[in-house]
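Welcome! Here are a few exercises to work through with the sequence and the model side by side. Try each task before reading its solution.

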Amino acid sequence: MAAGLQFSGVKTLCPVSLRGGGSSCCLPVRSQRLHFASSVASVAEFTNASVRSCCRSRVLRVSCDGRVVDVLDKKETKNQSFGEAESQLTCVMKFGGSSVASAERMREVAELILSFPNERPVIVLSAMGKTTNKLLLAGEKAVSCGVTNASSIDELSFIKELHLRTVKELGIDKSTVTPHLEELEQLLKGIAMMKELTLRTKDYLVSFGECMSTRIFAAYLNKIGVKARQYDAFEVGIITTDDFTNADILEATYPAVAKRLLGDWDFDPAIPIVTGFLGKGWRSCAVTTLGRGGSDLTATAIGKALGLREIQVWKDVDGVLTCDPNIYPRAEPVPYLTFDEAAELAYFGAQVLHPQSMRPAREGDIPVRVKNSYNPEAPGTLITRARDMSKAVLTSIVLKRNITMLDIVSTRMLGQYGFLAKVFSIFEDLGISVDVVATSEVSISLTLDPSKLWSRELIQQASELDHVVEELEKVAVVNLLQHRSIISLIGNVQRSSLILEKAFSVLRTNGVNVQMISQGASKVNISLVVNDNEAEQCVRALHSAFFE
Ligand SMILES: Nc1ncnc2c1ncn2[C@@H]1O[C@H](COP(=O)(O)OP(=O)(O)O)[C@@H](O)[C@H]1O
Ligand SMILES: N[C@@H](CC(=O)OP(=O)(O)O)C(=O)O
């Protein structure tokens, strides 16, 4: 086992600090620790609790029953077998659902963490495998299945079986998850009784996934002798807006999380195992979620809150790739990205990173490393503030499908300023985000952010679109075009002529007509809008031209 993580190696002696050889304002704390050590008889825990104190000038060696045995100076204690445990937490390691999908995967992840002896990580976990999808499906079925059938929803049985099998295979107590599984069943019965699934309930429902995966993993680490402590994000200070299913992290999160995690670590070091994806609404105090894939954002937010050296995001691919491997399996890892490139890539649809996840990393200037938990040897992708762009042309190609495009042509009742202002005020009033925009003096073409629309019910989406068109038709002729895709070319826009020349040559060869193009203010992205049914073929052809 890695020396830096050898938190619970049993010792016969327990060092306790004395500041300045005895007089100290932290006596109450020390006596509390002494009491804890002797009453609980957990030498290891007590040892860990006092490790932080070693940075003070002198250390008392105390036997398990609390007797002082001898006094050491700081230098002497430095190389005890708990190694560098006196240091602070060093990095965040986030493992996605695919990395913790089974007992075997959890074992491998534990080994992986222990293979970094110099790290003292905060671990952020997603729900096991496809648990979140199953929970959402279970909730939808519960709405119409009737209370008596709620217990036999297939997805509930699947989730129970997966989690119970995992605890069994890891050799940990069933009670680690049974209370949650029972409560989950009750919740589904409640949904069945009410015959409705509100966004707030949806968030509470999906939270069971992360709450269980983290409890299992923390219990397993403790079982193998690595001291770990489980935290629910909504208890640890991740404070969000009350936008259920798509909440934003609020500034108050950073000091709150730092206080809690560093405080606990200081008092009693144990690897924090934190639920990704979840937060606590600041008004409602209810459980919120950060949008699908939100554990990446939890990881970067914690990295920023604690000012850590690095944020590692462990996936099932060798880093950020040159395009979605599901579209083109020969996609290659991208070794370096800037925060701006990664943010743009995520925003324009690359599932590999949560769209908002780069924000805290950029604000804290903390490098993000995307790695493969199935292939830890692969170098992965390093994301930093800046990188050498001298040779960079195209970095990655991203596809966002099924978007809606609007062609809006002014009826010239308003001047140009008035026209643009009116159009955008309509979107503002309706709370609809716009993705890509191209304007001329009398017309605007734009695409609507599908993630904002997706978070609403289908019927609501349709009527919202009708309403948008109705409002716009007061000042313009509107053409609503659906089933379009945005292909985003992420790279060095300083070389846009080269990129466009090559891209248009490929598209012309493939007989594809580009319906809109936008380079916009972004220095890293050129967006092209094409028909949905041509999009994948375009991405493959562009990939061949730029990367092979
Ligand atoms: N450009 C891309 N680079 C890497 N992976 C991508 C890209 N676009 C889409 N993906 C998909 O994203 C997946 C990883 O993201 P995600 O499923 O959220 O991982 P995790 O659940 O481990 O956090 C990959 O398995 C891959 O299929
Ligand atoms: N479990 C959540 C949050 C998450 O981040 O998952 P993953 O890391 O597996 O993408 C989801 O499926 O959306």
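## Exercises with worked solutions

**Exercise 1. Sort the residues of the shell around ligand 1 by class.**

Solution. Start with the classes: the shell around ligand 1 holds seven nonpolar, nine polar and three charged residues. Next, look for the nearest ones. Among the 19 residues around this ligand, those that come nearest are G96, L321, D324, Q351 and V352. Keep in mind that you are looking at a predicted model.

**Exercise 2. List the residues that surround ligand 2, then sort them by class.**

Solution. Going along the chain, ligand 2 is surrounded by G96, G97, S126, A127, T132, G209, G276, F277, R292, G293, G294 and S295. By class, two residues of this shell are nonpolar, nine are polar and one is charged.

**Exercise 3. Find the helix that holds E183, and decide whether E183 is buried or exposed, or something in between.**

Solution. First, place the residue: E183 belongs to helix α7, which covers residues 178-194. Then count its surroundings. E183 has 13 C-beta neighbours inside 10 Å. A residue is buried at 20 or more and exposed at 12 or fewer, with partly exposed in between. Therefore E183 counts as partly exposed. As a last step, look across to L205: it lies 22 residues from E183 along the chain, and the two C-alpha atoms are separated by 9.9 Å.

**Exercise 4. Describe how α7 and α8 cross.**

Solution. Two packed helices are described by the angle between their axes and the distance between the axes. Helix α8 spans residues 199-223, and its axis comes within 11 Å of that of α7, at a crossing angle of roughly 165 degrees. Angles over 145 degrees count as roughly antiparallel, so α7 is roughly antiparallel to α8. The crossing of the pair is left-handed. On the α7 side, the contact is made by H180, L184, L187 and I191, and on the α8 side by T201, L205, F208, C211 and M212. These contact residues divide into seven nonpolar, two polar and no charged.

**Exercise 5. Do the same for α5 and α6.**

Solution. The axes of α5 (residues 131-145) and α6 (residues 154-170) come within 8 Å and cross at roughly 145 degrees. This crossing is left-handed. Helix α5 brings T131, K134, L135, L137, A138 and K141 to the contact, while α6 brings E155, L156, F158 and I159. Sorted by class, the contact has six nonpolar, one polar and three charged residues.

How values were computed: Residues are numbered from 1 along each chain as its sequence is written. Chains are lettered from A and ligands numbered from 1 in the order in which they are written. This is a predicted model: local features need pLDDT of at least 70, side-chain atom pairs count only at pLDDT 80 or more; totals for chains, interfaces and linings use all residues. Helices (H or I, at least four residues) and strands (E, at least two) are DSSP runs, numbered from the N terminus. A residue is near a molecule or strand if its C-beta atom, placed from the backbone, lies within 6 Å of it. Ala, Val, Leu, Ile, Met, Phe, Trp, Tyr, Cys and Pro count as nonpolar, Asp, Glu, Lys and Arg as charged, and the others, Gly among them, as polar. Axes are lines fitted to C-alpha atoms, for helices over the stretch in contact, and angles run from 0 to 180 degrees between N-to-C directions. Angles under 35 degrees count as roughly parallel, over 145 as roughly antiparallel, 65 to 115 as roughly perpendicular and the rest as oblique. A crossing is left-handed if the near helix is turned anticlockwise from the far one by less than a right angle, and right-handed if clockwise. Two residues are in contact if their C-beta atoms, placed from the backbone, lie within 7 Å.
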